[in-house]
Amino acid sequence: MAECLLCHRNSQEQLTLWQLLNFQPVEHSLLCRTCLGSLEAISPEQACAGCGRAWSDQLCTDCVQWREPSNFKNRAMFQYNDLLKQYMSQYKFYGDYRLRKVFQTRIVHEVNRFKADLVVPIPIDAATQQRRGFNQVAGLLEPVKTVEGLMTLESDKQQPQSAKNRQERLKSKQPFKLNLKAEKFNKKRVLIVDDIYTTGRTIRHAATLLLDAGASEVMGLTLAHG
Amino acid sequence: MKEKQLFGRQVLADTMSVETNQQSRLIRRPAMIETSQWVICQRCSQKTTKQEVRLPNSHYYCPHCFQLGRVTSNLWLWSLPEPNQFVQCAASPLTWTGELTPAQDACSRQISDIFAAGKTHLLWAVTGAGKTEMLFHGIAEALMKGLRVGIASPRIDVCLELAPRFQAAFSGISQIVLYGEMERPYDYCQLTICTTHQLLRFYHAFDVLVIDEVDAFPFAADPGLNYAAEQAKKESGALLYLTATPSKKLQRQERQKKLSVSYLPARYHGHPLPEIRLKLTSRWRQSLVKKRLPSPVKTILRKITSNQRHFLLFVPHVKDLEGVQSALKYQFPDMEVATVHAGDENRHEKVQQMRNGELDCLVTTTILERGVTFANIDVIVLGADDAVFSTAALVQIAGRAGRKAAYPTGLVNFFADRQTKAIKEARRQIRFVNRKAQKEGLIGGQSRG
């Protein structure tokens with residue numbers, strides 16, 4: 001019997017007849033059915049064409065007001081609801097690295113749909129990397145071939161985005177620089193991956209850099225929107 | 001860091017500097033020990049396969065106790081030996097003036113001896129026996145000697161209910177309450193009241209450590225917390241477990257003479273425990289779909305409401321709360337009803353409303369099974385055959401009725417679709433202790449107000 005990594009209840013999973021007769025190892029889910037049931041997936045057809053939030057297929061009010069670069073589209077997989085907040089808190093802030101595996105199968109599936117030439121995870125600054133011991137986005141992308149195309153700028157004590165309001169977030173300056181020669185991105189379709197899309201400021205800064213480096217198209221994928 | 005902050009504590013860091021000249025006395029232990037396959041956390045003792053918890057920077061972390069700050073294999077646990085820097089008082093610091101019954105007094109004396117001798121002991125006393133009061137004399141003696149005392153419980157609610165009682169009983173002693181969401185920072189005090197999780201931050205600190213509700217979740221199920229209790233006390237320190245419903249494991253330790261026990265089968269007010277009445281229902285969840293309570297439940301509720309009594313109604317799961325509430329509202333429109341569960345933001349307010357008599361009925365999950373006292377209530381369990389209701393849970397729930405000397409009786413009605421082992425065992429336990437109390441002459445003659 002496996003314990004749910006989030007709520008710690010034992011998930012009483014019954015084997016199906018198929019699994020019994022198959023004689024193959026059974027892959028246990030890391031979360032219980034109740035927690036999995038609380039996930040709110042966003043369907044690509046019912047999402048804003050700019051930021052990927054659950055919406056009609058038109059642009060949402062935020063994206064009508066501001067989206068630069070304007071040809072950048074983000075796909076968000078889940079609503080950033082209570083369960084996903086709990087997940088991110090345990091994964092990122094408490095540093096429970098086991099949780100990277102929860103969404104990996106789904107993320108691989110999403111990444112493959114983009115058919116991108118390069119997959120670039122959003123980097124974290126050196127101090128956080130040192131303290132946490134891992135980059136949470138790279139952890140989510142563990143089974144995917146990625147390139148470390150970006151790095152954070154050495155700026156003195158940046159305030160984390162999560163500590164700012166919307167206006168302050170939108171004003172924040174470019175936090176990244178290229179980690180590879182610009183030629184690497186020339187005429188390439190690049191997919192940038194991050195954990196959460198909030199105002200879009202972070203991932204759109206990254207997109208601008210890669211477009212300026214000569215990428216033919218830059219797309220975004222985030223685990224959550226909210 | 002101030003040296004006082006480190007007395008008997010274990011703090012996680014890669015380096016540590018302490019004010020004044022204590023630097024040489026600092027104890028430094030590796031936070032994790034590695035074997036070829038395993039890593040073993042030195043804070044909570046749990047072992048994990050390396051492969052499961054390897055970080056990309058090739059260190060390891062403990063996945064069991066990260067809520068208190070993540071332990072990784074490159075860190076150290078730092079402490080300073082507990083120096084007992086407390087003011088010694090000439091007179092007893094006990095400001096409680098109540099009296100113990102002769103049976104309580106006998107247990108109280110045994111506890112004092114256990115504290116003085118630094119032994120491990122179990123106080124097994126029925127719900128509403130007055131366990132806390134039995135501790136007071138032993139703790140007063142310990143405090144007088146300048147010893148450090150800790151009271152821990154797996155449940156926050158229990159800690160929060162105990163704290164003001166200890167504050168009142170030892171008004172001159174410095175006291176701190178520690179739990180996960182507290183706002184006040186840690187402070188070095190002679191008397192610490194905390195959740196059992198917080199014990200993970202102590203190292204050889206307490207001369208006397210009491211674990212209240214020792215059979216409650218998560219302490220009973222978590223070997224890390226058992227280890228934390230052992231490690232939070234000094235090697236020579238006393239450890240006292242309190243419960244009304246000891247686990248099979250504790251009972252076995254008693255039989256094997258590994259653990260000494262004081263036993264009190266009667267409540268302080270000298271009335272027997274209300275016995276459990278069981279009525280069978282048939283598919284009660286289906287009746288709820290039609291907004292109807294099963295008819296035996298309705299009959300009992302009529303009786304309760306006509307006597308104008310308040311009651312707790314326990315259900316197995318959070319998802320049952322709403323159905324029961326709407327059926328109650330439909331069939332008893334005048335009744336003031338609220339529901340409560342562990343994740344409820346207004347949990348403390350609703351419990352307070354129930355205490356104030358503003359609610360007729362509080363529909364609840366097992367979170368109110370123990371550690372809470374309401375003055376004059378009846379108790380109902382719907383779906384008592386559900387697996388969430390262990391024998392201990394059922395005995396604790398039944399123990400919510402008739403706790404106060406002014407209102408020593410109350411109805412305890414269980415409804416279940418079938419009889420279970422847990423129900424049978426709970427009824428048997430309550431009958432057994434009542435009979436035992438009767439035999440020892442603890443029931444009837446000696447009630448006090």
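Student: How do you know where the domains of chain A begin and end?

Tutor: The bounds come from an automatic or database domain assignment, and this assignment gives domain 1 (1-37) and domain 2 (42-225). Residues are numbered from 1 along each chain as its sequence is written, while chains are lettered from A and ligands numbered from 1 in the order in which they are written. This is a predicted model, where local features need pLDDT of at least 70, side-chain atom pairs count only at pLDDT 80 or more, and totals for chains, interfaces and linings use all residues.

Student: What makes up the contact between domain 1 of chain A and domain 2 of chain A?

Tutor: Contact asks that two C-beta atoms, placed from the backbone, lie within 7 Å. By that rule, five residues from domain 1 of chain A and eight residues from domain 2 of chain A take part.

Student: And which classes are found on the domain 1 side of chain A that touches domain 2?

Tutor: Five nonpolar, no polar and no charged residues. Nonpolar covers Ala, Val, Leu, Ile, Met, Phe, Trp, Tyr, Cys and Pro; charged covers Asp, Glu, Lys and Arg; the others, Gly among them, are polar.

Student: Why does the radius of gyration of chain A agree with a compact globule?

Tutor: The radius is taken over C-alpha atoms, and the globule rule is 2.2 Å times the number of residues to the power 0.38. For 226 residues that rule gives a value near 17 Å; chain A has 19 Å, so the two agree.

Student: What about the side of chain A that touches chain B?

Tutor: Seven residues of chain A contact twelve residues of chain B. The chain A side divides into three nonpolar, two polar and two charged residues.
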